[in-house]
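Here's a quick walk through one protein model. Have the sequence and the 3D view open while you read.

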Amino acid sequence: MMKKTIYTLVIMVASMLAMTSCTHNNGDIGLWFGTWHVEQVDMDGSPIDGYMGNNFFQFQSTVFQLRYTDELHTEMQTVGRWEDLGNEINVTFPDERLVWVHLYGIDMSKDAVNRFKVESHSGKDLVLTLPSTNGHTYRYHLKKWG
């Protein structure tokens, strides 16, 4: 009887620890953590007409994910790394073979550094600017998702 009780307690504690570790981002849930819907993309100050609003930026720890979801809820994602530098974030994609999602202006080539300037960040709304390697400047308007 005692063995069964101890076994049950160990399983319960392990389950609780596993559940909390997934949601706390190493104990730090900051302004960036979570999913951000890319509502609009501008190029050189004008909205890109063909952008459908199907992309999401996701931040956790040092992992960055660019996700695409279509109207049938089919999803594709590309995973990279990100770094918060205060008024700028750097995003890199270390493995070109795993690039499945592209978004206007973002350089997906191996270890290219995308230096996004943070124009505004309210916790619910975010505006990032990216001077691209193609000579254009892109502005991404994001809203916290969920």
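What follows covers the strands, the aromatic rings and a surface patch. Keep in mind that this is a predicted model.

Let's start with the strands. β7 (114-121) has β6 (88-92) as a partner, antiparallel, with four bridges. One contact to look up there is Asn-90, whose bridge partner in β7 is Arg-115. β7 also pairs with β8 (residues 125-131), again in the antiparallel sense and over four bridges. Here His-121 has Leu-126 of β8 as its bridge partner. The β7 and β8 hairpin leaves three residues between the strands, and Gly-123 in this hairpin has a positive phi near 100°.

| Strands | Sense | Bridges |
|---|---|---|
| β6 and β7 | antiparallel | four bridges |
| β7 and β8 | antiparallel | four bridges |

Now the rings. How many aromatic pairs turn up in a search of the whole structure? The count is 11. One of them is Phe-57 with Phe-64, an edge-to-face pair at 5.1 Å centre to centre with 70° between the planes. Phe-57 and Phe-64 are buried. They also belong to an aromatic cluster whose members include Trp-32, Phe-59, Trp-82 and Tyr-140. Phe-56 has a charge for company: the charged end of Arg-67 sits over its ring, 4.5 Å from the centre.

Last, the surface. Is Trp-100 buried or exposed? Trp-100 counts as exposed because its relative accessible area is 54%, and the cut-off for exposed is over 50%. Trp-100 lies in the loop between β6 and β7. Together with Met-76 and Leu-98, Trp-100 makes a nonpolar surface patch of about 330 Å².

Key: Residues numbered from 1 in each chain as written. Predicted model: local features only at pLDDT ≥ 70, side-chain atom pairs only at ≥ 80, totals over all residues. Heavy atoms only, no water. Patch = residues over 30% accessible without salt bridge, like charges linked within 9 Å, V, L, I, M, F, W, Y side chains within 5 Å. Areas by Shrake-Rupley, 256 points an atom, 1.4 Å probe, with all protein chains shown as cover. Salt bridge = Lys/Arg side-chain N within 4 Å of Asp/Glu carboxyl O. Helix = DSSP H or I, 4+ residues; strand = E, 2+ residues; numbered from the N terminus. Buried < 20%, exposed > 50% of the residue type's maximum accessible area, 1.4 Å probe, protein only. Phe/Tyr/Trp six-rings, centres within 6.5 Å; stacked < 30°, edge-to-face > 60°. Lys NZ or Arg CZ within 6 Å of the ring centre and 35° of its normal. Pairing = 2+ DSSP bridges.
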